[in-house]
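Q: I'm new to this one and would like a close look at a single part of it. Could you walk me through it slowly?

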Amino acid sequence: MCEGDCDHDSDCDAGLKCFQRDGYSSVPGCSGKGKQNYDYCTNVGVKALDSSRNGGTGYGMCEGDCDKDSDCDAGLKCFQRDGY
């Protein structure tokens with residue numbers, strides 16, 4: 001997990017997916033910047049962003065608009081960004 005440079009899911013170990021990114025975009029489930037434009041294997045599937053709370057007390061993965069980590073479900077961190 002968190003190894004690259006992959007091009008397809010088949011480049012990754014069983015159960016992992018190849019997360020495609022541009023530049024130094026963060027990779028779900030991984031830490032650090034990695035190498036520019038490298039794609040990395042991760043066990044966190046790509047999920048569409050959702051701006052609503054779907055039950056629970058905090059926002060789940062890829063849900064927002066959070067302002068601090070405590071706005072999120074346990075184990076998740078609030079990722080702040082500007083624009084798109």
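Is Y40 buried or exposed? And what is going on around it?

A: Let's begin with what you're looking at. This is a predicted model, where local features need pLDDT of at least 70, side-chain atom pairs count only at pLDDT 80 or more, and totals for chains, interfaces and linings use all residues. Residues are numbered from 1 along each chain as its sequence is written, and side-chain values use heavy atoms, with hydrogens and water left out.

Now to Y40: with a relative accessible area of 12%, Y40 is buried. Here buried means under 20% relative accessible area, exposed means over 50%, and partly exposed is in between (1.4 Å probe, protein chains only). Across the 84 residues of the protein, 26% count as buried.

Y40 also takes part in the one aromatic pair of the structure. Its partner is Y38: the ring centres are 6.2 Å apart and the planes sit at 40°, so the pair is tilted. For the cut-offs, rings of Phe, Tyr and Trp (its six-membered ring) pair if their centres lie within 6.5 Å; planes under 30 degrees apart are stacked, over 60 edge-to-face, and the rest tilted. Unlike Y40, which is buried, Y38 counts as partly exposed because its relative accessibility is 29%.

What about the strand here? Strand β2 covers residues 40-42, and the protein has two strands and zero helices. Both kinds of element are DSSP runs, numbered from the N terminus: helices are H or I with at least four residues, strands E with at least two. T42 belongs to β2 as well, and T42 counts as buried because its relative accessibility is 1%. Leaving aside neighbours within four places in sequence, T42 is in contact (heavy atoms within 4.5 Å) with M1, L16, K17, F19, V27, P28, G29 and C30.

Back to Y40 and its contacts. C18 touches Y40, and also C41 and D39, among others, not counting residues up to four places away in sequence. C18 and C41 are part of the largest nonpolar core, together with C6, C12 and L16. Such a core is a set of buried Ala, Val, Leu, Ile, Met, Phe, Trp, Tyr and Cys residues joined through side-chain atoms within 4.5 Å.

K35 is in contact with Y40 too, along with R21, G23 and Y24, again leaving aside neighbours within four places in sequence. You'll find K35 in the loop between β1 (17-19) and β2. The C-alpha atoms of K35 and Y24 are separated by 7.1 Å, though the two are 11 residues apart along the chain.
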